Amino acid sequence: MPVIVGRVASKSASPAVELAVGEQTVRVSNPDRVYFPETGATKFDLVQYYLSVGDGIVNALRDRPCMMHRFPKGLPGGKVHQKRVPAGAPDWIPTVQLYFPRYGRTADELCVEKLADVIWAVQMSTVEFHPWNSRRFDTEMPDEWRIDLDPMPDCPWSRVQRVAGVVHEVLDELGAVGWPKTSGGKGLHVYVRITPRFGFQEVRRAALAFAREVERRAPEDVTTAWWRKDRDPSQLFVDYNQNARDHTIAAAYSVRGVPEATVSTPIRWDELPDLHPRDFTMSTVPARYAELGDLHAGIDEAVYDLEPLLEWADRDKVEVADLDED
């Protein structure tokens, strides 16, 4: 477990804290700054949270380009979406260079290898971690298919639970293992590890073919309509577009930048009928993690080949708009 190796005097209200995290020392400045006024949680509370779920958050981020959602002044000061690692980062912080065609630019993004990388990002005021669904070895070939169950404004949680059951049913029929987690908001995410041999467009085609099958089985509950204006506000949108290039969602174990400090939390399928996303917060998840460990620990051993879903896409003449240049 990381230990405090020193305190450093500073001009701020509280002295900086130096932590030994693995082989690195991370200096945490302004540890007493309140990040979540509603709960009183501080920057150092956030550090301690991420230390408590260390193996889980590293497993969720490992070798993936990662956008940081930073709150330099805490939640009241607003969010900064940061793709590029800030200048002056320690030389031990791993990065991967990405090209963004829309802007004709490259950026070196954080690419977590170890827990110290996560804690350094928290020191840089990162609250949320949003990784790609591909890894640094070939960033253009996703190895993760993401099923985002995104409730529209009037969609009740009971509908999310019901649709998740349908998702589980279809995955079982396909022979795919789904790894569910709360979104930290009002929805649910299900991840499926896939062989990295298809590009983003093909993964999205497969994801849309799957979403339409779920919609066929639960037409009163589900929509796959592209435009928000075409969606019933009481339905649940199966958002296949979260598989597009550079579209990211909060990682497993990521705290969310909301007043309650909810956490995107891995769950078991059999827990689904009795839980609510509000159950999982920065305060409650550490004890859960200590008891259950990382519920996504086995995800890399359950790899699915998308070929059957691409056959569905061909059968149904599924096409998706080209978002991968954005």
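## A first look at this predicted model

Let us start in a loop: Asp 63 sits between helix H2 (54–61) and strand S6 (65–70). The structure here is a predicted model. Most residues other than glycine have a negative phi. Asp 63, which is not a glycine, has a positive phi of about 65°.

Another residue to look up is Tyr 253, in the loop between strand S15 (236–239) and helix H6 (285–292). Tyr 253 is not a glycine either, and its phi is positive, near 75°. Are these two residues buried or exposed? Asp 63 has a relative accessible area of 13%, so with the limit for buried set at under 20%, Asp 63 counts as buried. Tyr 253 is buried too, at 3% relative accessibility.

| Residue | Phi | Relative accessible area |
|---|---|---|
| Asp 63 | about 65° | 13% |
| Tyr 253 | near 75° | 3% |

Now step back to the protein as a whole. You will find seven helices and 16 strands in it. Its radius of gyration is 20 Å, close to the 20 Å that the globule rule gives for 326 residues, so the protein is as compact as a globular protein of that length. Along the principal axes, its C-alpha atoms fill a box of roughly 65 × 45 × 40 Å.

Of the 326 residues, 58% count as buried. Contacts between residues at least 6 apart in sequence join residues at least 24 apart in 68% of cases.

On the outside, the accessible surface comes to about 13,900 Å², with 49% of it belonging to carbon and sulfur atoms. As for charge, the protein carries 39 positive and 51 negative side chains, and the centres of the two sets are 6 Å apart.

Key:
Residues numbered from 1 in each chain as written. Predicted model: local features only at pLDDT ≥ 70, side-chain atom pairs only at ≥ 80, totals over all residues. Heavy atoms only, no water. Helix = DSSP H or I, 4+ residues; strand = E, 2+ residues; numbered from the N terminus. Rg over C-alpha atoms; globule rule 2.2 N^0.38 Å. Buried < 20%, exposed > 50% of the residue type's maximum accessible area, 1.4 Å probe, protein only. Contact = heavy atoms within 4.5 Å. Areas by Shrake-Rupley, 256 points an atom, 1.4 Å probe, with all protein chains shown as cover. Lys, Arg positive; Asp, Glu negative; His and termini not counted. Charge placed at Lys NZ, Arg CZ, Asp CG, Glu CD.
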